[in-house]
Amino acid sequence: MSTPDLTTPLPVTDLGNRAAPRKGRRLRAFARNPTFVAGVAILGIVVLLALFAGWLFPTDPQDMVGPPLLWPGDDAEFPLGTDSLGRNVLALLVHGARASLLVGISAAAIGLAIGMVVGSVAGFFGGWVDILLTRLIELFQTTPTFLLVVVIVAIREPSLQTIALAIGLASWPTVARLVRAQFRSLRESDFVVAARSLGYSRTRIIVQEILPNALPPVIVAASVMIANAILTEAGLSFLNMRDPNVVSWGGMIGDSRDQLRNAWFLTALPGAAIAATVLSLNLVGDGLNEILNPRSDP
Amino acid sequence: MGRRIAATFKRTAIHAAPTVLGIIILDFLLLQLMPGDAADVIAAESGTATAETMAALRERFGLDKSVFTQLVNFLGHLATFDLGFSPRYNMPVLDMIMTRLPSTLLLMVTALSLALLLGIVLGSIMAAWAGRWPDRVLSVVVLLFYSMPGFWVGLMAVVLFSVKLGWLPSDSNMTIGANYTGWAMIADRAAHLVLPALALASFFVAVYARLTRASMLEVQRQDFMRTAEAKGLHPFFIQLRHALRNALIPVTTVAGMHLGNLLGGAVVIETLFGWPGMGRLALEAVLARDFSVLLGVLLLSSFLVILANMVIDLLHAWLDPRIGTT
Amino acid sequence: MNPIPVPLLEVDRLTVAFPGHVAVREASFAIAPAETLALVGESGCGKSVTAFSVMRLLPPNARVASGRILFDGNDLMTASRPEMRRLRGRHISLIQQEPMTSLNPVLSIGVQIGEVLRRHERLSRRATRARVVELLDLVKIPDAHRRIDDYPHNLSGGMRQRVMIAMAVACHPKLLIADEPTTALDVTTQAQVLDLLGDLRRELAMAVLLITHDLGVVAQWADRIAVMYAGRIVERASIVPFFARPMHPYSHGLLGARVDVDAEEHYLTDRLTEIPGSVGSAAGETGCSFAPRCPMVQPSCRLAPPPLLELADGRAVACPITAAQTGAPHGAAVG
């Protein structure tokens, strides 16, 4: 076992081998991996519900539609019951999927973009650029992520955009580390040396030669990032740092805290929705990791 | 041994210095971005403020100076442990944070120890039965905890243990007005600690369990494991002495990387359980729009993470004899 | 040399299977007390697997399909796990190939050597330390008093292998299994480590199962040899007759492929012999596994795997063709 240093990617996202199998074989590997298939199936349902929320429940889910605090099963019209304001819990949950996915995906995209730029520049150029950027990565990793998100959201109004931006700004260091480690190992590889000797520009080498080869662990990290962004968003919404006009799962939990004693299902259901979505993303991540970075058996 | 640890301590301390400076500057920049300044807050508090009193206040706080002068002043104040004054609470920011610090530390240390302990035990069990049913069942459970928001785990635990069973308290860090002393006080505090610590630890138990499993399995493939078996040692002893210690090296590295997240998670958990710590103070500061307090919390939490990371580095040097030798 | 009267170790028709392939087929051999048997073959031929089965230290996915292993009269295949643990490190010990990875990086060498003493001899902490220093002296590690607290990363490859040897001989085992003990070392260190092992084996009167692919080491060291090919033992013999007159075509090939002292002349007069094909060509072969590469192959060789035929002087060969020619000159067999 080698001496671990902080730039080593975690074993979970470790790049095992880079020899890409042929496309057909890889596609079959995806279909055969039960973890990946289960993750995609759950995620697919959540995405479909989010996309067709307006069609399934065309009226504003925030409207009062029935008597308050109906338990699930009490009334066939509200299969998952109603909350203290008489709103349809099922409609709220389906509409809430939108906020979670939207914030999760855009925050991860922002984090990935920053992280990949910082990580590839640091890893490719090395030297003082690397030292400086590594310091910056460390700095952001030292700052408690959630607290930083709270501070950034407090600077501006808590809209979905601000929340996504804040989570993205706080979550890029993980990707930056991963990409930097990849670039450092790929920088000296044969094909990069060849590209250099052909006189390709640095930008071209970074974007066209190294980046595609550095991607597999980043793809795995991306699904985990979306999952973590959804968890962070839920925490923020729970603390009421959210857009009051948008339904969100975390917000539903926050709203129902006072009913914890008499109607705990109002807390349980949105939490289960968050857990299912995050679980699906983690399953996809684990599956991708098994497929993209296979470990050879002894 | 001692010399190696001392060398490690020196190295990490030198390494941490620029990070501390960087965090201070980041903090200052965020403070500049905040809408309104201390004068606005005071003006809003008193409700009667003329343009002249505002200008006077700004002059008093040095807010009329250039950004650079303000940064120098900020650094100067920090050097004397002055984090500013909270007009809202009429108290120095540092004093406010210091009254909250012990509670947060208690929660953080308990949650981290719990997460490491449970994570390592679960991960080792999973690795020992890899591929068989105990591993499969635990893997699913661990993946679930990896996916559930900690505060929701906390709420569900409140429903079960406080509301339904009535076993554990779910509010504040002690029974208010009970005035327990001695063992009764410790028992009371401990009972109040259980649910928040579990809620805060739940996600990290999963992180460390997954990591321990992976790295224990990695260690099993090493040649020195066969050497140990060839000595006729008991398998349990081999796992404990030869495998676990090697497997813990990557686990502690990652534990250090997650400290920031753990402390961040405390904001939600402390608010949820009415725990009088720094995290709840941060949220109170947001609601009161008292940004000097908010940034003071951010600054101090970051320092706490740096400090904890140094402890982890020392632990690391103790576990791995290859560290700290030249 | 006579057949062994009371063997210390007797491996009887051992077959070891992994999922998808059989690593060792019907291997039989015996080692007398204080005798050295060399198990020789190409990498992947099953010699390490054979050695690990003797200690019952096979990888979890491997399985002993059939056969018996008798050690000092006890059947190791039916021994309980605690019985095996009492044997390992005390009566049978192991030196692995790769000294860089066979020591635990986070424990000092003193602790790692002491462990085996404390396990089997129940020594006190102080007595253990004294014994470990003696052992380090024995394997000629200079400055044993200070070196005892060193970690593996402080030591060179040769020094680490000495530590492994100290660990292996700590309890004066009756049998030492040395799995390519010098392959990973550079040439000068190889010679030193081999000399040390040779001395210790005589001093402690240990039997040694030496696994190697280096026939030079075998010639210098071993009393008897067993040649393995694709999981089967194809020839067994005492050293002198073997080198004088190898019988199996594969043994011929091995000796031919060896660059020996006469190499210069060999180069001038003849091309360096190489065995055509690879071990992989044995896959799917119903008859003799060596048939695809054998220069003397007959149609009958492809029908069924030839049995190991016992000849005079404790020799055995799994080739009916060469066995029939016993006594005939073999110079023309290869080339």
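Two strands are counted as paired if DSSP finds at least two bridges between them. With that criterion in hand, the tour of this predicted model begins in chain C.

Select strand 1 (residues 9-18) and strand 4 (residues 63-71) of chain C: seven bridges join these two strands, which run antiparallel. For one position along this pairing, display C:Val16, which stands opposite C:Val64 in strand 4 of chain C.

Next, extend the selection to the whole sheet. This is an open sheet of four strands in chain C, with the order 2-1-4-5 and antiparallel pairing. Strand 2 (21-31) and strand 5 (74-75) of chain C each have a single partner strand and stand at the edges, so one side of each is left without a neighbour in the sheet.

Now add helix 1 (residues 47-54) of chain C. Helix 1 lies across strand 1, strand 2 and strand 4 of chain C, and its direction makes an angle of about 115 degrees with strand 1 of chain C.

From here, turn to the interface with chain B. There, 18 residues of chain B are in contact with 24 residues of chain C. On the chain B side, select helix 9 (223-230) and helix 10 (235-273), the elements that give two or more residues to the side touching chain C. Helix 9 of chain B provides the largest share of that side, six residues. Colouring this side of chain B by class shows five nonpolar, six polar and seven charged residues.

Finally, display chain B as a whole. Chain B is divided into domain 1 (2-92) and domain 2 (99-287). The centres of domain 1 and domain 2 of chain B, taken over C-alpha atoms, are separated by 34 Å.

Terms used:
Residues are numbered from 1 along each chain as its sequence is written. Chains are lettered from A and ligands numbered from 1 in the order in which they are written. This is a predicted model: local features need pLDDT of at least 70, side-chain atom pairs count only at pLDDT 80 or more; totals for chains, interfaces and linings use all residues. Two residues are in contact if their C-beta atoms, placed from the backbone, lie within 7 Å. Axes are lines fitted to C-alpha atoms, for helices over the stretch in contact, and angles run from 0 to 180 degrees between N-to-C directions. Ala, Val, Leu, Ile, Met, Phe, Trp, Tyr, Cys and Pro count as nonpolar, Asp, Glu, Lys and Arg as charged, and the others, Gly among them, as polar. Domain bounds come from an automatic or database domain assignment.
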